[in-house]
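Thanks for coming, everyone. I'll keep this brisk. Please have a look at the chain on the screen before I start.

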Amino acid sequence: MAPIDRRQQVIHAAAQSFAMFGYKATTMDQVAKIANVGKGTIYTFFTNKEQLFDQILVEVIQEMKNIAHREVRQESAFFDNLFRVLDSLLEFRRDHDLLVKLSQELKDFGTLQAKEGLDKVEKVISDFLSKELEKARDSGEIRDCDPQVVAFMMIRLYIALTSDWNKQHEPLSKEEIKNYFRLFLMEGIAAVM
């Protein structure tokens, strides 16, 4: 029988707790209960809730980076890669309630740790997009632009279509989200004269 990795057990339980209750309402007692370990076991690996939360964010960010790198094919056009990455990240987001819960907590309570966590995730995504946009610009696939500004706008559009829209409307399908990305970023909305 394989030995139990208590550290991983604690991280998994904490991720569940943060996703269910948010940062503010998660306690080390809850994490211990979900992990089925004593509270002292948690403290052998993490000095406090902040450190545990940071570790979970590191893992979420790494998973997102892995998804993006896995989906980008050097021989493919920029927008083909963008849509593949977008599809995979939409699947990832659907299966990971932590990011949704942090967004909700930030909106409802303004929790600093939720904001900082989401900012870290956004920075990683923005840096990745900026590099890909720079490559596409340099190869002539897209017009001359500031990759950081376009990356920022892409993230805002993504958030608007996957989260903000849902507050007052029926959620958009993956295909509809991709179509709006195509419309706004690839084709533009100006009618051809």
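First, a word on the annotations: UniProt positions are given in the numbering used here, and annotations may be inferred rather than shown by experiment. With that in mind, the unreviewed UniProt entry has a "DNA-binding region" covering residues 27-46. This is a predicted model, remember. In the model, the span 27-46 is 75% helix and 0% strand. Its end C-alpha atoms sit 13 Å apart. The unreviewed entry also lists "domain: HTH tetR-type" for residues 4-64. That span is 84% helix and 0% strand, and 26 Å separates its end C-alpha atoms.

Now the whole chain. How many helices and strands does it come to? Nine helices and zero strands. The C-alpha trace spans about 70 × 40 × 30 Å along its principal axes.

Next, helix packing. Two packed helices are described by the angle between their axes and the distance between the axes. Take α4 and α7. Their axes come within 11 Å and cross at roughly 25 degrees. Angles under 35 degrees count as roughly parallel, so α4 is roughly parallel to α7. The crossing is right-handed. On the α4 side, the contact is made by F53, D54, L57, I61, M64, K65, A68 and H69. On the α7 side, Q113, G117, K120, V121, V124, I125 and F128 make it. By class, that is nine nonpolar, three polar and three charged residues.

Second pair: α7, residues 112-138, and α8, residues 147-164. Here the axes come within 8 Å and cross at roughly 125 degrees. That makes α7 oblique to α8. This crossing is right-handed. Residues in the contact include I125, L129 and L133 of α7, and V150, M154 and I159 of α8. The class split is nine nonpolar, three polar and four charged.

Last item: aromatic rings. The count comes to six aromatic pairs, with ring centres within 6.5 Å as the cut-off. I'll show one of them, Y23 with F53. How far apart are the ring centres, and at what angle are the planes? The centres are 4.9 Å apart and the planes are at 70 degrees, so the pair is edge-to-face. Y23 lies in α1, residues 6-25, and F53 lies in α4, residues 49-71. The pair therefore ties together parts that are 30 residues apart in sequence. We met F53 a moment ago, in the contact of α4 with α7.

That's my tour. Over to you.

Note on methods:
Residues numbered from 1 in each chain as written. Predicted model: local features only at pLDDT ≥ 70, side-chain atom pairs only at ≥ 80, totals over all residues. Heavy atoms only, no water. Axes fitted to C-alpha atoms, helices over the stretch in contact; angles between N-to-C directions. Helix = DSSP H or I, 4+ residues; strand = E, 2+ residues; numbered from the N terminus. Parallel < 35°, antiparallel > 145°, perpendicular 65-115°, else oblique. Left-handed = near helix turned anticlockwise from the far one by under 90°. Contact = heavy atoms within 4.5 Å. Nonpolar A, V, L, I, M, F, W, Y, C, P; charged D, E, K, R; others polar. Phe/Tyr/Trp six-rings, centres within 6.5 Å; stacked < 30°, edge-to-face > 60°.
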